[in-house]
Amino acid sequence: MRLHYEIKGMTCAACVAHVERAVGKVIDEGESANVSLLTNSVSLIVDDTTDVKGLESRLSASIKQAGYELITEKQENKKENNEGKKRVTVLIISALFTLGVMYLSMGAMIGLSAPAFLRGAENAALMCLAQFALTLPVLILNRRFFISGARALWNRTPNMDSLIFVGAGASVIYGLFAFVMIVTAKDVETVHKYLHDLYFESAAMILTLVSLGKLLEARAKDKTADAIESLSTLAPAFVTVLKGEKEMLLPIEELQKDDVFLIRAGERIPADGVVLSGGGTVDESALTGESMPVEKEEGSGVRAACILLSGSLTVRAERVGEDSSLARIIRLLED
């Protein structure tokens, strides 16, 4: 029996490893699990006698302890349509504020001096506040990295977000420490020393560059997921099954191994099987890429998702559902 669940909170390969370990604590020997970062999901192959409710409860507890969340098939986990636009907006705003703090902290290196009221030791505290004020919106907009990273460290399952949390967090904390030292300084040398030890721009740049990387990664994942989804739609929704001399139109999910089904010209083949009678030409380009139609006759093998161009076929199903060629190709792409 195959079970499929979505996982919330995975962001990198380390997350996949943590979830795999959490799942491994729950499933029995001989059962297997595959965790996919592409689809943020886990697929399980378990014994047919397994108590699914009990397994879901144990899985949820184990995965939650690792710092993630199990989403069962009965729960809705719809993506918001504006998620992509939100990522772009966050990146643009973060980049604008990062450019501002970079101008104040490093502009002098390329001949772009800060405004006069921020220059000099007497205005060092004001310079600190200005840089922090420009960094703060970037921290707020990208707070998800801090939340995820801190949670992962707390659960002793550090991931990519933990690195971002530590790096950006250390920069901000030391910047605030430098600000305190500047305010309480009694000599100009101390002021100059800590004025050069402000690292607010590092925190802003880390978060902005990582946001850019996450945006590119999300777009690549979405394109691949769309390609897999388009493959999934190649299978027909219904199939004409022969019960004795009667024809019954059934949902594809109800097709069983050794069932006999009828395919007419223009229809997609719902499962892998062997032709019992009839003949015709089949377009197998969806699976093989070969554009030339293939002749099929009694004894020929046919595969799911291919289109019967002419004739009619009576086929005995041999591999259905998750065992079909199409389903195996989709699993390989996900892996």
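This note comments on a four-stranded sheet with its helices, and on the surroundings of T281, in a predicted model.

1. The sheet. Four strands form an open sheet in the order β2-β3-β1-β4, and their pairing is antiparallel. At the edges stand β2 (32–36) and β4 (69–71), each of which pairs on one side only. From one strand to the next, the twist averages 30°.

2. The β1–β3 pairing. Strand β1, residues 2–8, is joined to strand β3, residues 41–45, by five bridges in the antiparallel sense. Within this part of the sheet, L3 is placed opposite L44 of β3.

3. Helix α1. Residues 13–24 make up helix α1, which packs on the sheet and touches β1, β2 and β3. The direction of α1 makes about 155° with that of β2.

4. Helix α2. Helix α2, formed by residues 52–65, lies across β1, β3 and β4. Relative to β1, helix α2 runs at about 30°.

5. The position of T281. This residue belongs to strand β8, which covers residues 272–283. Is T281 buried or exposed? Its relative accessibility is 14%, so T281 counts as buried, the cut-off for that class being under 20%.

6. The contacts of T281. Leaving aside residues up to four places away in sequence, T281 touches P293, V294 and E295, as well as I307, L308, L309 and S310. With S310, one of these residues, the side chain of T281 forms a side-chain to side-chain polar contact of 2.8 Å. The buried T281 thus has a polar partner in the side chain of S310.

How values were computed:
Residues are numbered from 1 along each chain as its sequence is written. This is a predicted model: local features need pLDDT of at least 70, side-chain atom pairs count only at pLDDT 80 or more; totals for chains, interfaces and linings use all residues. Side-chain values use heavy atoms; hydrogens and water are left out. Two strands pair if DSSP finds at least two bridges between them. Helices (H or I, at least four residues) and strands (E, at least two) are DSSP runs, numbered from the N terminus. Axes are lines fitted to C-alpha atoms, for helices over the stretch in contact, and angles run from 0 to 180 degrees between N-to-C directions. Contact means heavy atoms within 4.5 Å. Buried means under 20% relative accessible area, exposed over 50%, partly exposed in between (1.4 Å probe, protein chains only). A polar contact is a pair of N or O atoms within 3.5 Å; within protein, one must be able to donate a hydrogen and the other to accept it, and residues adjacent in sequence count only if both atoms are side-chain atoms.
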